[in-house]
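Colleague: Pick one part of this model and take me through it up close, please. Give me your cut-offs as you go.

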Amino acid sequence: MMLEYVNDKEDYDAFADKLKVLLSELLDAAGIKYHSIVARTKESDSLYQKVLRQPNKYQSLRDVHDLTGIRIVTYFHDDVREAARIIENEFSIDRDQSVDKSTLLDTTEFGYLSVHFVAALNEQRLALSEYGRFKDHTAEIQIRSILQHAWAEIEHDLGYKNPNSVPAEVRRSFSRVAGLLEIADQEFVNIKKQLKQFEDETVQQILSDPQKVRITSDNLNYFIDHSAVINDLDKQLVTSQMMLDSDQQLINELIRMFHYVDIRNYGELIEAVAAHSPLALKCAQVMPNPFLPRQGIGIAYICMAVTIAGNDPHRIDYFFRRFYPELRNVEDIIKQVQPLSKQMIQEKNID
């Protein structure tokens, strides 16, 4: 058995790598965010010790189910269940060897134990040439939340294997910590749900009555990410194919700009984009771009255009000193932009 494993070790390594890629693709497609997916194959020495402990149990490599091991660590414990559902649907599961170890705890007990599957590739995948070579391979797949993982790692480091081998007060301490982690795990899930509800309500309010939705640093990033108007403006401004996500520094700067130009809600912002986009594009053309190609940069130029269109020299001067203090050729930029601003004002007066 040992010689067979040594000879086939590269094949098992390839199987582990293939499973890691496949599981990453499946979780990504399902929209499940995860902290990590770790794949490993059992070292030869470890296999030897395992067989030595129970020689009658392991007669061939087929009897060893964890030669390949995968550990999935999710951020939230409700995603453990979702990941488990995907694995049950996409793999052939050995029910006798698989177990949700958390169900082993009594209702009065606290503790973190992972969901474990012994799984093989299903017939549909084995029919594909890239997977066919792994017909006789199985893997142990563990799924944990990140707090469950922290518990397991600390527990392992402390050597806490047999509860009966340590004093009662130590066991109580472990139980208290496990209870706190369980509460924390659930609270993180609740926070995730609350944020999702907030985002959904914000979108609905912006669509139905944007005048009533006040711009804040909490909802601006979500608006930038989902607004077709802002995305279209950004694409006109940025020629690069790479557009970075908005970051908190840009969000904070935009909030300060809104206060200065008196844009308080999304209705006013949408109106400003409709009225001042041509001038904002002109501003972007004539001045050096102080921003990285990042979502939401078009809004900064809208605020600049609103200020210039106001035609107040003191406010224009303060705007550039406040938000672009390192810019040296402000007067030249204003001279290039103001003709378009005056033309837009004249056209508006005619209308």
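Modeller: Quick bit of bookkeeping: a residue is called buried at under 20% relative accessible area, exposed at over 50%, and partly exposed in between, with a 1.4 Å probe and protein chains only as cover. The model is predicted, so local features need pLDDT of at least 70 and side-chain atom pairs count only at pLDDT 80 or more, while totals for chains, interfaces and linings use all residues. Residues are numbered from 1 along each chain as its sequence is written, and side-chain values use heavy atoms, with hydrogens and water left out.

For context, the protein chain has 13 helices and six strands, taken as DSSP runs (H or I of at least four residues for helices, E of at least two for strands) and numbered from the N terminus. Of its 351 residues, 41% count as buried. A contact here is heavy atoms within 4.5 Å; among contacts between residues at least 6 apart in sequence, 75% join residues at least 24 apart.

The part I'd zoom in on is where helix H9 and helix H12 meet through their aromatic side chains. Rings of Phe, Tyr and Trp (its six-membered ring) pair if their centres lie within 6.5 Å; planes under 30 degrees apart are stacked, over 60 edge-to-face, and the rest tilted. By that rule there are nine aromatic pairs. One of them is Tyr260 with Phe319: the ring centres sit 6.0 Å apart and the planes are at 40°, so the pair is tilted. Tyr260 belongs to H9 (residues 248-261) and Phe319 to H12 (residues 313-323), so this pair ties together parts that are 59 residues apart in sequence. Phe319 is buried at a relative accessible area of 0%, and Tyr260 is buried too, at 16%. Then there's Phe320 with Tyr324, also tilted, because the centres are 5.8 Å apart and the planes at 40°. Both Phe320 and Tyr324 are buried. Ring pairs join Tyr260, Tyr318, Phe319, Phe320, Phe323 and Tyr324 into a cluster.

Now H9 itself. The expected span of a helix is 1.5 Å times one less than its number of residues. For the 14 residues of H9 that should give 20 Å, and the end C-alpha atoms are indeed 20 Å apart, which agrees. Its buried residues are Leu250, Ile251, Glu253, Leu254, Ile255, Met257, Phe258, Tyr260 and Val261. The cover over them includes H7, helix H10 (266-286), H11 and H12. Straight after H9 comes Asp262, with a positive phi near 65°.

Glu253 may catch your eye in that list, being buried at 18% relative accessibility. Its side chain meets Arg256 in a salt bridge, N to O at 2.8 Å; a salt bridge takes a side-chain nitrogen of Lys or Arg within 4 Å of a carboxyl oxygen of Asp or Glu. The two residues are three apart in H9, which means a separation of about one helical turn. Arg256, at 39% relative accessibility, counts as partly exposed. The model has 14 salt bridges on that definition.

Two of the helices covering H9 deserve a word. H11 (residues 297-309) has 13 residues and reaches 19 Å from first C-alpha to last, close to the 18 Å expected at 1.5 Å a residue. Because 12 of those 13 residues are buried, H11 is largely enclosed by the rest of the structure. Among the buried ones are Ile297, Tyr301, Cys303, Met304 and Ile308. Just past H11, Asn311 takes a positive phi of about 60°.

The other is H7 (residues 217-226), where Tyr222 is found. With 18% relative accessibility, Tyr222 counts as buried. Leaving out residues up to four places away in sequence, Tyr222 touches Glu199, Asp200 and Val203. The C-alpha atoms of Tyr222 and Glu199 are separated by 7.2 Å, although the two residues are 23 apart along the chain.

So if you want a place to start looking, follow the ring cluster from Tyr260 through to Tyr324, then check the helices that cover the buried residues of H9, H7 and H11 among them.
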